[in-house]
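Colleague: I would like a close look at a single part of this model. Please take it step by step, and keep it brisk.

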Amino acid sequence: MKSNKFWIIVLGIIVTISAVVAVLFWQVQASYANIYKDGELFRPPVNLLAVTEPYSVMIYDGFSSGSDGLSSQSGADGLNVIEIEYGRVRMSESNCPLGICLHRGWVSGGIMPVVCLPNRVVVTFDGVSDDNRIDAVVG
């Protein structure tokens, strides 16, 4: 009897560890990235699955430019450079004090955005399955 309990505990530990690893590393690839500055859509949504050549979008002192030929005016107070590749995005440069947004690394989707709070820049993702969207926020 003692032997069966041991194997049940071992199996339970293995299943629990596997579930935790799956949750931590599982990420849904998004179709679109939306770049917001000061709460407003900064530029048209980027179709991540249509990117053929990597490029960067710079948000700096009221002017942005991207190597894709798009540029627009904004009331930016800081510097943020967002790198875009096929299926993924990252904040590669920022002049914010702590640089937390830089540590996020490459992101290919999910419900957690890339945020640079001091510079008020947010990158969100669309095109994920309905199972991974937030249904409601209660506050």
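Which residue in S7 does Met58 stand opposite? Please start there and work outward to the core.

Modeller: A caution up front: this is a predicted model. Met58 stands opposite Val81 in S7. The two strands involved, S4 and S7, run antiparallel and are joined by 6 bridges.

Now look along S4. Its side chains alternate. Tyr55, Val57 and Ile59 point to one face and are buried. Ser56, Met58 and Tyr60 point to the other face and are not buried. That fits a general pattern: in a regular strand, side chains alternate between the two faces of the sheet.

Next, the core. The largest nonpolar core holds 22 residues. Those with the most contacts inside it are Ile35, Ile82, Ile84, Val89, Val123 and Phe125. Strands S4 (55–60) and S7 (79–85) each give two or more residues to this core. So do S1 (32–37), S8 (88–94), S9 (114–116) and S10 (121–126). As a general rule, nonpolar side chains in soluble globular proteins tend to be buried together.

Take Val123 from that core. Leaving out residues up to four places away in sequence, Val123 touches Ala33, Asn34, Ile35, Ile82, Val89, Pro113 and Val114.

One of those partners is polar, so follow Asn34, which at 4% relative accessibility counts as buried. Asn34 is found in S1. Its side chain makes a polar contact with the side chain of Asp126, at 2.8 Å. Beyond four places in sequence, Asn34 is also in contact with Leu41, Pro45, Val122, Val123 and Thr124, among others.

Two loop residues deserve a check of the backbone. Asp38 lies in the loop between S1 and S2 (40–41). Its phi is near 55°, a positive value in a residue other than glycine. Asp38 counts as partly exposed, at 36% relative accessibility. Arg120 lies in the loop between S9 and S10. Arg120 also has a positive phi, about 55°, although it is not a glycine. At 33% relative accessibility, Arg120 counts as partly exposed. For context, most residues other than glycine have a negative phi.

Last, the aromatic rings. The charged end of Arg88 sits over the ring of Trp106, 4.0 Å from its centre. A search of the whole structure finds 1 aromatic pair. The ring centres of Phe6 and Trp7 are 5.0 Å apart and their planes stand at 75°, so the pair is edge-to-face. Phe6 is partly exposed at 46%, and Trp7 counts as exposed at 54% relative accessibility.

Conventions. Residues are numbered from 1 along each chain as its sequence is written. This is a predicted model: local features need pLDDT of at least 70, side-chain atom pairs count only at pLDDT 80 or more; totals for chains, interfaces and linings use all residues. Side-chain values use heavy atoms; hydrogens and water are left out. A nonpolar core is a set of buried Ala, Val, Leu, Ile, Met, Phe, Trp, Tyr and Cys residues joined through side-chain atoms within 4.5 Å. Buried means under 20% relative accessible area, exposed over 50%, partly exposed in between (1.4 Å probe, protein chains only). Helices (H or I, at least four residues) and strands (E, at least two) are DSSP runs, numbered from the N terminus. Contact means heavy atoms within 4.5 Å. A polar contact is a pair of N or O atoms within 3.5 Å; within protein, one must be able to donate a hydrogen and the other to accept it, and residues adjacent in sequence count only if both atoms are side-chain atoms. Two strands pair if DSSP finds at least two bridges between them. Rings of Phe, Tyr and Trp (its six-membered ring) pair if their centres lie within 6.5 Å; planes under 30 degrees apart count as stacked, over 60 as edge-to-face and the rest as tilted. A charge sits over a ring if NZ of Lys or CZ of Arg is within 6 Å of the ring centre and within 35 degrees of the ring normal.
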